[in-house]
Amino acid sequence: MLQMAPETMRDLAHHVADILIERSGRLPDERAWEGDFKEALAHQLDEEAPESGRPARDVIDRAARDVLNNTLRLDHPRSFGFVPTCPTWPGVLADFMASGFNVNAATWLTASGPSQIEAVVVGWFRRWFGLPEGAGGLMTSGGSSAALHAFVAAREAAGNPERPVAYMSNQSHSAQIRAARIVGISPDLIRVLPTDRSGRIDAGQVAEAIVADRSAGYTPTVVCGNAGTPSRGEVDPLPALADVCAAERVWFHVDAAYGGFAVLVPRGAQALEGMERADSINVDPHKWLFQPYEAGCVLVRDIATLERAFSIQHDVLQDSVWGAKHANLADYGIQLSRGFRALKVWMSIQTFGMAAFRAAIGNGLELAARSADYARKSQKLELVSESLGIVCFRVNPGGLDEDTLADMNQKVLARIFWDGRAFLSSTMVNKRFVLRLCIVNHNTTWDDVRETLEAVEQLAVDVSE
Ligand SMILES: *Cc1c(COP(=O)(O)O)cnc(C)c1O
């Protein structure tokens, strides 16, 4: 009923591969963004599930044309908005293979090979991030889920206190606030602390807040530092935060979803110093390690903290306690049935080698530095910040007040959006509306970045006329 003949399977798989390879070749000449309004898509796609089937090729073509086409091309070489990524082909194939082999990486019994590879990949990350033996982790859907796992471990490590408090900065990602809420930290006990002008938290203020909360009868439970803030790629003073956490005996979590893998190149490693002192880290291979979505990872300094928080024995799974000295990965997190996310990381690194990954990460850092330089020298642009691959800048011809500048920059951004040659997003820096380039794509060249900046300058002229 639901099985296909081998020749049909092969034909369809080839067809899909052709579609993807053609897409990838066309990408640089295409618009960076495609999308449509709700009414149009509802009109086109809303329907009841059909009772009888249609030719498989037609379904594939329709999916490619009407569905998958209506997306932001996050792997477009001039896609600089939010945090883009450009997955490697072996990574894409790995997702296909993991589905085709129908892997359920829940337990050693169901998936010993995949469990071992997940241990290998997590072991790589552990060493790159400088965590000791005894540290470990789990592949997750992304950084948000990884942070949630870390917060659960932190809460359990604190003895599941009645009134837990979390500390983070006003630059922290919403995922950290969400993780705090989910683990039951009441919104008024999520301390969102102010930052200095560059967007970094003040460790002294964290220490003061911890002392004050403790004397008020609350339990400081987790301090969250940033290894690359979402807006500006800034790094909190991680060594100072680690000192505070050690002195106050509070769990130290580092959000490295965006910036973490910069640790693989010397400049990044220097910027991220102190990350190795974290009790937990969330990282996103689907950002700066060039993997398809979904690929996140939570690392904990002591793997027992994760296992203690999540492991539950269940009669129906009693057979899964099979063999010795191995982890049942489902004991480390919220998923029982889970896909084999580590395979994509493993296959792409096996294929290209770490030197190629280092070069790709270094390319992003280098292009960001060059664009900062360009903005600094431009008559029409003002550089606002540059850190860890993220450049914030704005159109500023001089002599205009803040409101006019904000208005002008919003107009420029809207023009770029509809123009489609490149995709940028914006953020607020010290209450100013700024344009933001996040450059992590291994296919992006200086020409891509330069043409984008030139387009911004050109559109700025159009807007002011
Ligand atoms: C992307 C990001 C997150 C959220 O991770 P997801 O993978 O989108 O769930 C959290 N923190 C930072 C700094 C990020 O860049």
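A residue counts as near the ligand when one of its heavy atoms lies within 4 Å of it. In this predicted model, the ligand is surrounded on that basis by Gly-142, Gly-143, Ser-144, His-173, Gly-228, Pro-230, Asp-255, Ala-257, Tyr-258, Asp-284, His-286 and Lys-287. Sorted by class, this shell holds 6 polar residues, 3 nonpolar residues and 3 charged ones.

Asp-255, Asp-284 and Lys-287 from this shell deserve a closer look. Asp-255 places a polar side-chain atom 2.7 Å from a nitrogen atom of the ligand. For Asp-284, an N or O atom in the side chain is found 2.6 Å from an oxygen atom of the ligand. Lys-287 likewise faces a ligand oxygen atom, with a polar side-chain atom at 2.8 Å. On its own, the ligand has 380 Å² of accessible area, and the protein covers 85% of it. Two elements, α6 (143-157) and α11 (285-288), each give two or more residues to the shell around the ligand.

Both of these helices also lead into loops with backbone features worth a visit. In general, most residues other than glycine have a negative phi, and most peptide bonds are trans. In the loop between α6 and β2 (164-169) sits Asn-160, and this residue, although not a glycine, has a positive phi of about 50 degrees. The loop between α11 and β7 (296-300) contains Glu-294. The peptide bond joining Tyr-293 and Glu-294 is cis, with omega at about 5 degrees.

Turning to helix packing, two packed helices are described by the angle between their axes and the distance between the axes. One pair is formed by helix α8 (residues 203-215) and helix α9 (residues 238-248), whose axes come within 9 Å and cross at roughly 20 degrees. Because angles under 35 degrees count as roughly parallel, α8 is roughly parallel to α9. The crossing in which α8 passes α9 is right-handed.

Another pair consists of helix α14 (residues 354-377) and helix α16 (residues 446-464), with axes that come within 10 Å and cross at roughly 30 degrees. That angle makes α14 roughly parallel to α16. Here, too, the handedness can be read from the model: α14 and α16 make a right-handed crossing.

Technical notes:
Residues numbered from 1 in each chain as written. Predicted model: local features only at pLDDT ≥ 70, side-chain atom pairs only at ≥ 80, totals over all residues. Heavy atoms only, no water. Polar contact = N/O pair within 3.5 Å; in protein donor to acceptor, adjacent residues only side chain to side chain. Areas by Shrake-Rupley, 256 points an atom, 1.4 Å probe, with all protein chains shown as cover. Helix = DSSP H or I, 4+ residues; strand = E, 2+ residues; numbered from the N terminus. Nonpolar A, V, L, I, M, F, W, Y, C, P; charged D, E, K, R; others polar. Axes fitted to C-alpha atoms, helices over the stretch in contact; angles between N-to-C directions. Parallel < 35°, antiparallel > 145°, perpendicular 65-115°, else oblique. Left-handed = near helix turned anticlockwise from the far one by under 90°.
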